[in-house]
Amino acid sequence: MNPTEAQWQALLDAARAAREKAYAPYSHFHVGAALLDEAGRVHAGCNVENAAYPEGVCAEAGALSGLVLAGGQQIVAAVVVGEGTEPVTPCGGCRQKLREFAGATLPIRIADSQGWRAEHTLAALLPASFGPTHLMMKKDGRDAP
Ligand code: THU
């Protein structure tokens, strides 16, 4: 089911508010994300960097943690907000993280301070993806352990 424009707006508001909280003292690149779950709830996150650089986490990962914590099981829509010459699309790792709780048709909108910049499906950003269903059945028909 596609989100309403009011739901997109709620996601945008939440992602922008989250972006204000970003902890990005190393890259100075502030990102906010918001996810809509199957119950219509909005879960937001911001990037949180770390002095040990690889330990930093993306905004999408924070939002996903909130969704799971609230009992959400499906991502219905996603918004990412950041500033740049190019729309701030989710990194490769976050595309895979989103895939765990969404199918090919998941709509992902990108915005900045001016408004919407782009819209993609998850399939467009992560074609021929590997997901949970790959682990449910082995090729010989027996359940995976
Ligand atoms: N970042 C995100 O939080 N989400 C994205 O979709 C792209 C990148 C963060 C990670 C890092 O803290 C900073 O942006 C620069 O890469």
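A salt bridge here is a side-chain nitrogen of Lys or Arg within 4 Å of a carboxyl oxygen of Asp or Glu. By this rule, the count in this predicted model comes to four.

**Salt bridges**

One of the salt bridges joins the side chains of Asp37 and Arg41, with N to O at 2.7 Å. Its two partners differ in burial class. Asp37 has a relative accessibility of 2%. That is under 20%, so Asp37 counts as buried. Arg41 has a relative accessible area of 33%. This value lies between 20% and 50%, so Arg41 is partly exposed. Another salt bridge pairs Arg109 with Glu119. Here the closest N and O atoms are 2.9 Å apart.

**Ligand site**

The ligand sits in the largest pocket. Which residues surround the ligand? The shell consists of Ser27, Phe29, Val31, Asn47, Glu49, Cys58, Ala59, Glu60, Thr89, Pro90 and Cys91. By class, this shell has six nonpolar, three polar and two charged residues.

Three members of the shell place polar atoms by oxygen atoms of the ligand, as tabulated here.

| Residue | Protein atom | Distance to a ligand oxygen atom |
|---|---|---|
| Asn47 | N or O atom, side chain | 3.0 Å |
| Glu60 | polar atom, side chain | 2.6 Å |
| Thr89 | N or O atom, backbone | 3.4 Å |

Asn47 and Glu60 use side-chain atoms, whereas Thr89 uses a backbone atom. How much of the ligand's accessible area does the protein cover? On its own, the ligand has 370 Å² of accessible area, and the protein covers 77% of it.

Conventions:
Residues numbered from 1 in each chain as written. Predicted model: local features only at pLDDT ≥ 70, side-chain atom pairs only at ≥ 80, totals over all residues. Heavy atoms only, no water. Near = heavy atom within 4 Å. Polar contact = N/O pair within 3.5 Å; in protein donor to acceptor, adjacent residues only side chain to side chain. Areas by Shrake-Rupley, 256 points an atom, 1.4 Å probe, with all protein chains shown as cover. 1 Å grid on protein atoms, 1.4 Å probe; cavity = no way out; pocket = protein on both sides within 12 Å on 5 of 7 lines; lining within 4 Å. Sits in = over half its atoms within 2 Å of the grid points. Nonpolar A, V, L, I, M, F, W, Y, C, P; charged D, E, K, R; others polar. Buried < 20%, exposed > 50% of the residue type's maximum accessible area, 1.4 Å probe, protein only.
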